[in-house]
Amino acid sequence: MADLFAPVTALKGVGAARAAQLAQLGIRTLYDLLTDFPRDYEDRTALRAIADLLPEQNACFEAMVVTQPRTSYIRQGLDCTRVTVADQTGRLNLAYFNQRFVAEQLVYGQRYVFYGKKDENGLSMANPVFEAADSVGVLTRRILPVYRLTAGVSNKLLGKLILQAMDACLAALPDVIPAPLQARFRLTDANRAYRQIHNPDSYALLQDARRRLVFEEFFVFSAGLSLLRAQRDTVACQPCQTVDPTPFLQLLPFQMTAAQLRAIGEICRDLAASQPMNRLVQGDVGSGKTLVAAAAAYCVIKSGHQAALMAPTEILAEQHAKTLAPLMAQLGIETACITGQLPAAEKRRAQQRAADGSAQLIIGTHALLSENTTFHDLALVITDEQQRFGVSQRARLTAKGSGVHLLVLSATPIPRTLSLILYGDLDLSVIDERPPGRQEVDTFLVSERLRSRVNAFIRKQVAAHHQVYIVCPAIEQTDDASIKAAEAWADALQKHLFPELRVALLHGRMKDKEQVMADFSAGSADVLVATTVIEVGVDVPNATLIVIENADRFGLSQLHQLRGRVGRGKDQSYCILVSENSSFETKQRLKALCDSNDGFRIAEQDLALRGPGDFFGQRQHGLPEFKVANLSADLETLKQAQQACADCDMAQFVRSESLLARVRALFGADEIALN
Ligand code: ADP
Ligand code: MG
């Protein structure tokens with residue numbers, strides 16, 4: 001019996017070269033083979049008589065070879081082997097191109113099962129696959145799994161290797177779902193499920209197998225979250241002594257909203273406890289999450305510790321530093337900002353200040369996760385726009401201190417139904433109110449036909465001393481001239497359309513992004529032509545109009561986030577979606593945005609309209625990757641698996657080595673301790 005995690009070279013006929021090919025597919029161990037699930041299936045179950053074969057339709061048929069196969073040369077590099085086969089209902093001419101070996105394999109007078117389709121005129125068939133009629137069907141008479149492939153690895157080969165791997169280790173495969181749960185949820189056992197997913201006997205059995213494996217993935221995921229939570233519950237921390245944010249709040253030029261104050265209250269209670277906080281603050285774009293987080297940082301710092309704030313982009317990190325550093329300075333708190341593209345010397349200095357404690361609030365990007373960033377006494381980690389980070393990234397940052405409090409901010413472009421899974425290990429504070437005086441952003445959908453009116457509207461906003469964002473889906477012009485590219489469009493606007501206005505450009509490949517953003521924020525440009533780098537967090541209250549070019553190319557939640565760049569001050573703000581795509585589906589999608597300013601509702605609609613492929617395709621959700629499960633289609637199974645997990649005894653999880661191994665593989669071994 002082979003070890004599940006033995007390298008693929010443990011299989012007969014797999015050497016170093018083949019292993020390298022398989023590695024291209026991410027397959028290194030026997031277990032990887034078992035879990036390399038088919039991406040599709042081909043139904044080869046139908047067996048027809050020759051007379052019933054239809055042109056252009058694949059089917060199997062059993063027939064006898066009734067002529068000697070004959071190979072003829074057609075031209076240089078092309079030969080054709082012809083043979084005639086027959087059953088009781090008729091005869092059929094087969095033609096194999098450049099497959100001379102067929103002449104030896106198809107023996108006169110023998111019976112075979114073929115799979116192929118007749119050509120248009122219905123007289124012959126090209127290149128049907130075949131196998132002996134008395135063999136067990138591998139290529140014919142079955143539901144054929146279709147795998148992802150790479151150079152040198154054919155579907156047939158991969159199928160064969162997976163069968164070998166199953167024979168070698170399926171018997172040893174531990175079932176991570178306890179037997180009573182299998183009975184309760186009528187689940188196929190693991191062994192059978194793996195067999196059927198790779199080699200289904202029927203579509204019904206395939207469906208059962210799939211449901212079982214989806215359940216298993218969700219079960220492992222839920223168990224992992226429970227373990228994370230249980231693990232955290234055993235961690236103790238020093239309660240913060242000073243949990244009064246009043247001095248910080250008094251510095252602000254406005255009153256906190258009731259929802260902000262409620263969240264701050266919940267956070268303060270957590271900070272005063274002797275167990276680390278694990279809290280998610282959920283609030284729509286513009287609800288004022290930054291200051292809630294800053295109030296938390298203030299409390300922790302006044303208690304003598306450090307706080308770190310991690311943002312997903314450099315622009316956003318810089319912006320947070322710009323707004324918070326002066327506020328904190330008034331309270332005697334030093335801020336450092338650490339981003340990846342800081343000049344080396346400056347970065348070292350900032351890291352030094354984090355390490356020796358001379359800076360107490362440390363703001364940054366992923367650079368905070370780097371080994372070179374250490375802290376003197378880190379007690380609070382805040383991740384902004386959490387949907388952009390993974391579960392493991394937030395854990396990596398908390399590991400930089402002991403008993404570290406965690407505060408996660410999210411604008412929730414995640415439907416409610418899913419946030420429970422995503423953040424199932426966190427306590428929740430919701431900010432369901434916006435700062436007073438904010439008006440809803442008026443949103444319009446227009447086509448090119450109205451371009452001159454859009455331009456006039458831009459001029460009008462600028463004349464009123466407001467600023468405008470124009471968002472393009474691409475940086476550089478491609479072959480598709482209908483897609484607006486930021487560089488070219490900024491150029492055209494400045495030179496031809498708005499020579500009297502100040503047009504600036506911002507995209508992800510520019511070096512001085514923060515400077516451009518800071519300049520725009522300071523009012524040095526009227527119009528900022530940008531890519532989606534401005535999607536999250538950017539806060540320029542004087543901007544009152546955002547024009548989104550080729551709006552149909554963005555997801556609804558992404559559009560909602562982009563729209564959140566305006567309506568941040570007291571002035572009426574506008575969002576114009578420009579789209580030439582007139583399909584009903586697109587219009588319906590964009591109309592949903594015009595009709596609602598509610599991020600939760602929009603996220604639900606996005607999921608319903610586009611399906612999870614696109615929604616989650618952006619990989620901005622921080623979810624682990626599921627191999628079989630599909631988050632929207634399998635929601636019902638997800639609920640069951642969560643229920644099953646909740647009913648389980650935690651001690652049982654911890655005793656199950658196989659389950660622990662799977663959880664550690666999913667969340668990263670560092671996150672889940674072994675005892
Ligand atoms: P988000 O929740 O999207 O991160 P921000 O924290 O960036 O929102 O806040 C958006 C804007 O609202 C900022 O300019 C901020 O200063 C302002 N703001 C936050 N809270 C209030 C409040 N209670 N009253 C007025 N303005 C506020
Ligand atoms: Mg924000």
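The legends below describe close-up views of the ligand site, the pocket around it and an enclosed cavity in a predicted model.

**View 1. Residues surrounding ligand 1 in the predicted model.**
The shell around ligand 1 is made up of 17 residues, and the closest of them are Gln255, Gly286, Lys289, Thr290 and Asp539. Divided by class, this shell holds 5 nonpolar, 7 polar and 5 charged residues. Helix α10, which spans residues 289-302, gives the most to the shell, with 3 residues.

**View 2. Side-chain contacts to oxygen atoms of ligand 1, with Lys289, Thr290 and Arg438.**
An N or O atom in the side chain of Thr290 lies 2.7 Å from an oxygen atom of ligand 1, while for the side chain of Lys289 the corresponding distance to a ligand oxygen is 2.8 Å. The side chain of Arg438 likewise places an N or O atom 2.9 Å from an oxygen atom of ligand 1. Of the 570 Å² of accessible area that ligand 1 has on its own, the protein covers 88%.

**View 3. The second largest pocket, whose space is taken by ligand 1.**
The pocket in which ligand 1 sits is the second largest one, and about 890 Å³ of space lies within this pocket. Its lining consists of 36 residues, with Thr290, Gln319, Thr323, Asp539 and Arg568 lying nearest the centre. By class, the lining of this pocket divides into 14 nonpolar, 12 polar and 10 charged residues.

**View 4. Helices that contribute to the lining of the second largest pocket.**
Helices α10, α11 (314-329) and α17 (513-521) each supply at least two residues of the lining. Helix α11 gives the most to the lining of the second largest pocket, with 7 residues, whereas helix α10 gives the most to the shell around ligand 1.

**View 5. The second largest cavity and the residues that line it.**
The structure holds 3 cavities of 30 Å³ or more, and the second largest cavity has a volume of about 80 Å³. The residues lining the second largest cavity are Val285, Gly286, Arg434, Arg438, Val441, His560, Arg563, Gly564, Val566, Gly567, Arg568 and Asn597, and by class they divide into 3 nonpolar, 5 polar and 4 charged. Several names recur from the earlier views: Gly286, in this lining, is also among the residues closest to ligand 1, and Arg438, in this lining, has a side-chain N or O atom 2.9 Å from a ligand oxygen. Arg568, another residue of the cavity lining, is also one of those nearest the centre of the second largest pocket.

How values were computed
Residues are numbered from 1 along each chain as its sequence is written. Chains are lettered from A and ligands numbered from 1 in the order in which they are written. This is a predicted model: local features need pLDDT of at least 70, side-chain atom pairs count only at pLDDT 80 or more; totals for chains, interfaces and linings use all residues. Side-chain values use heavy atoms; hydrogens and water are left out. A residue is near a molecule or strand if one of its heavy atoms lies within 4 Å of it. A polar contact is a pair of N or O atoms within 3.5 Å; within protein, one must be able to donate a hydrogen and the other to accept it, and residues adjacent in sequence count only if both atoms are side-chain atoms. Accessible areas come from the Shrake-Rupley method with a 1.4 Å probe; for residues, only the protein chains shown count as cover. On a 1 Å grid over the protein atoms alone, a cavity is a set of points where a 1.4 Å probe fits but cannot get out, and a pocket is an open set with protein on both sides within 12 Å along at least five of seven lines; lining residues have an atom within 4 Å of a point. A molecule sits in a cavity or pocket if more than half of its atoms lie within 2 Å of its grid points. Helices (H or I, at least four residues) and strands (E, at least two) are DSSP runs, numbered from the N terminus. Ala, Val, Leu, Ile, Met, Phe, Trp, Tyr, Cys and Pro count as nonpolar, Asp, Glu, Lys and Arg as charged, and the others, Gly among them, as polar. Grid points are joined across faces, edges and corners, and a volume is the space filled by probe spheres set on the points.
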